[in-house]
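Welcome! Let's take a friendly walk through a protein, looking at where its ligand sits and where empty space is left inside.

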Amino acid sequence: MLRITMSITQQPRARGPGATRFAIIGGGYTGAIIARHLAERAHERIDQILVFEPRTELGAGLAYSAPDPSLRLNVAAHRMRAVPGDPGAFAVWLKKTGRLSADVSAVTDSGIYARRSDFGDFMGELLRPHMETGRILHVREQVVSMERTSAGWTLFTKSGTPTVVDAVVIATGHAPAKTPFQIPTHLMRTGQCVAAGDIGGLKRISTDETILIVGSGLSALDALSCLKSRNHRGPITILSRSGLLPRSHARGDFSPYGDFTLEQPTAISVLRRFRDVVAELTRDGVPWQSAMDALRHQGQTLWMQMPQQEQRRVLRHLRRWYEVHRFRMPPQIEALLQTEVGDAPVTFLSGRLTKVGSHGDRIRVDLSRRITKTAETLEVDRIIVATGPDQSNVLDYQPFLKNLADQGMLRPDRLGLGIDCDHLCRAISLRGNPQPSIVVAGPLTRGRFGEITGVPEIASQASAIVDYLLRWSTQQTRTIEIGA
Ligand SMILES: Cc1cc2nc3c(=O)[nH]c(=O)nc-3n(C[C@H](O)[C@H](O)[C@H](O)COP(=O)(O)OP(=O)(O)OC[C@H]3O[C@@H](n4cnc5c(N)ncnc54)[C@H](O)[C@@H]3O)c2cc1C
């Protein structure tokens, strides 16, 4: 398939007089859909849109650049709703391009669960026409710092190249996973401990090794899927604190059902309402997933109505419960678990690591079981860290964000989930003022919006962000004209 990759040497073209130039930092799904939507709706006063993204492709990011064909979307294709104004575009594309007929395992009783890399390719194709015209430029570089100047913002990349723009969208997405502190760093260096997202590292694992996967969310199931697709025969233990696994999707088609409008929503009142709705649905033979989908759709409103102490309660007591019901496993993984668990090579444990160290060529793992608090020791060949993106350090791992925070231009949100922003996604400065020319997008805004991880929610946010950017650019132009 034809892939368009703009080389690092391609420079932004000269800026048109009076035109607004936007930079988007991060070209995963969030940055790409904003760029595409902006390019589609832009008027003549909008200049070239620069997307800074070190990966070779735009649109794939962390989630959809997955090179392993066993890694699948956890949402049915018709529910991805990736393109504002054209919610069925991905499902149509899968059929039109022959991707679906080439991937028979995508079709399940619960819908079409396509390969994640197919979604990445779909996004790449959406952007292609705008990259060919030069409307969108992929700058294959990492932004390392950003400075305010009289001309706007100057962005500096790793190679030191400065670029001047008028406004910036921060769409740097997920932070890398944090290795549990009990795992000594030398195990990462020797490759005995591998991150779940490191597909190359997973492929180097011999099929008879004894494996411990730390974490039991979708990243753990991804790692399991990679191993099993390579006929892994050695025993695998999956350890997590809660011991909870992502739930399954329901068979057949159903609509979201349930009204979660509450006068003063609290963690407990939402949970009670959810249970009532599920009881009602169960009486009518409708799966609980219908209530969960309704709760997800109303999630942003509920979250924003909750006082901060209730939001904290949700995070403390309901987060894991919400996540396992909300982020459900693709049916293909469910089938894999059903066949393999019977043969007992996969064991699930709930508990926490207490100590990890080398033991000859192997690794000795001491853990404490959750309910019984009993100590247990495992000897394994390899540890896979699948604890998911580390949401607690989004500012620290990005030098340019840390630098902006140090200058007081932005601040972490009060729950420590991402960057503080207002309802228009404008970053809030240390002093509490919205910054009109710094917009935050995607999962980084979860402190404000709560439910903003999946593609459909990000797509609607992208649409609102583009509305704002176009309004802002028009105001800027007027200000310049009046001043001139
Ligand atoms: C493994 C995984 C699977 C998922 N599967 C699904 C799914 O099936 N369905 C669904 O709806 N949602 C899924 N999601 C949710 C996901 O959050 C969103 O769908 C979406 O992909 C988020 O995209 P993003 O661009 O915000 O973040 P990311 O995908 O993290 O992309 C951010 C990009 O920013 C770039 N970047 C970072 N720092 C810089 C910098 N300083 N300069 C320049 N570029 C930078 C990175 O290279 C990266 O490509 C999944 C998430 C993960 C992690």
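## Around the ligand

Of the 32 residues that surround the ligand, those that come nearest are Thr30, Glu53, Tyr64, His174 and Gln398. Keep in mind as you look that this is a predicted model.

Which kinds of residue make up the shell around the ligand? The shell divides into 16 nonpolar, 12 polar and 4 charged residues. Now find the helices. At least two residues of the shell come from each of α1 (29–41), α2 (61–64) and α15 (455–483). The one that gives the most is α2, with 4 residues.

Next, zoom in on some oxygen atoms of the ligand. The table lists polar atoms of the protein and their distances to an oxygen atom of the ligand.

| Residue | Atom in the protein | Distance to a ligand oxygen |
|---|---|---|
| His174 | polar side-chain atom | 2.6 Å |
| Leu62 | backbone N or O atom | 2.9 Å |
| Thr453 | polar backbone atom | 3.0 Å |

His174 appears here through its side chain, while Leu62 takes part through its backbone, and so does Thr453. How much of the ligand does the protein cover? On its own, the ligand has 990 Å² of accessible area, and the protein covers 91% of that.

## An enclosed space

Let's move on to the empty space. Rolling a probe the size of a water molecule over the atoms shows where such space is left. In this model the count comes to 1 cavity of 30 Å³ or more. The largest cavity has a volume of about 260 Å³. It is lined by 21 residues, and the closest to its centre are Arg79, His249, Asp293, Arg296 and Arg328.

By class, this lining holds 9 nonpolar, 6 polar and 6 charged residues. Which helix gives the most to the lining of the largest cavity? That is α9 (residues 289–297), with 4 residues.

## The domains

Finally, step back to view the whole chain. Its domain assignment gives domain 1 (20–176 + 391–483), domain 2 (185–246 + 329–385) and domain 3 (267–326). Notice that domain 1 is written as two stretches of the chain, 20–176 and 391–483, and that domain 2 is written as 185–246 and 329–385.

Taken over C-alpha atoms, the centres of domain 2 and domain 3 are 30 Å apart. The domains also help you place the cavity: domain 1 and domain 3 each provide at least three residues of the lining of the largest cavity.

Technical notes:
Residues are numbered from 1 along each chain as its sequence is written. This is a predicted model: local features need pLDDT of at least 70, side-chain atom pairs count only at pLDDT 80 or more; totals for chains, interfaces and linings use all residues. Side-chain values use heavy atoms; hydrogens and water are left out. A residue is near a molecule or strand if one of its heavy atoms lies within 4 Å of it. A polar contact is a pair of N or O atoms within 3.5 Å; within protein, one must be able to donate a hydrogen and the other to accept it, and residues adjacent in sequence count only if both atoms are side-chain atoms. Accessible areas come from the Shrake-Rupley method with a 1.4 Å probe; for residues, only the protein chains shown count as cover. Ala, Val, Leu, Ile, Met, Phe, Trp, Tyr, Cys and Pro count as nonpolar, Asp, Glu, Lys and Arg as charged, and the others, Gly among them, as polar. On a 1 Å grid over the protein atoms alone, a cavity is a set of points where a 1.4 Å probe fits but cannot get out, and a pocket is an open set with protein on both sides within 12 Å along at least five of seven lines; lining residues have an atom within 4 Å of a point. Grid points are joined across faces, edges and corners, and a volume is the space filled by probe spheres set on the points. Domain bounds come from an automatic or database domain assignment.
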